[in-house]
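Let's walk through the charged side chains of this protein together, one contact at a time. Have the structure open and ready to rotate.

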Amino acid sequence: MVQLNDTAYGYKQRLLIGGINSWNVFSKTLMVTFFIEILDQNDVKVVDKTIHQDREVSYELSNINRVDGQFNPVESGGSGEYDYFLQASTTIPIPTLVGTLADKLAARGVFN
């Protein structure tokens, strides 16, 4: 499970993987969607309509961003995110890769 920081108001957050929305081999882009739910102190989803409860985050993998062999961002060198993902998918199941992507994006602060 991907660990997210608590909200500014002290609520916990849970990340759910929505899945791959689109995969365009011609433009070398892959869009992955994640959902972030707000939980109370008992890990129950908040249903109070006065609180912004759910948030959707879409992340596009493309070759604009460069990564190293562990899928960490690099300034130069490495390979494109899309190429890395595509190559890794030949030996690693795609659900596992999307989970790794979620971990890496959380570490980068994308879900904050």
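Start with E37 and R14, whose side chains meet in a salt bridge, with 2.6 Å from N to O. Keep in mind as you look that this is a predicted model. The pair links distant parts of the chain: R14 lies in strand β1 (residues 12-24) and E37 in strand β2 (residues 29-39), so the two partners are 23 residues apart.

How buried or exposed are these two partners? E37 has a relative accessibility of 11%, and because the cut-off for buried is under 20%, E37 counts as buried. R14, with a relative accessible area of 24%, is partly exposed.

Now stay on E37 and look for another partner. E37 also forms a salt bridge with K45, where the closest N and O atoms are 3.7 Å apart. K45 counts as partly exposed, at 32% relative accessibility.

From K45 you can step onward once again. Which residue forms a salt bridge with K45 at 3.1 Å? That residue is D54, and the 3.1 Å is the separation of the closest N and O atoms. D54 has a relative accessibility of 36%, so D54 counts as partly exposed.

Put these contacts together and you can trace a path from residue to residue: R14, E37, K45 and D54 are linked in a network of salt bridges. Along that path, E37 is in contact with R14 and with K45, while K45 also reaches D54. To set this in context, a search of the whole structure finds six salt bridges.

Technical notes
Residues are numbered from 1 along each chain as its sequence is written. This is a predicted model: local features need pLDDT of at least 70, side-chain atom pairs count only at pLDDT 80 or more; totals for chains, interfaces and linings use all residues. Side-chain values use heavy atoms; hydrogens and water are left out. A salt bridge is a side-chain nitrogen of Lys or Arg within 4 Å of a carboxyl oxygen of Asp or Glu. Helices (H or I, at least four residues) and strands (E, at least two) are DSSP runs, numbered from the N terminus. Buried means under 20% relative accessible area, exposed over 50%, partly exposed in between (1.4 Å probe, protein chains only).
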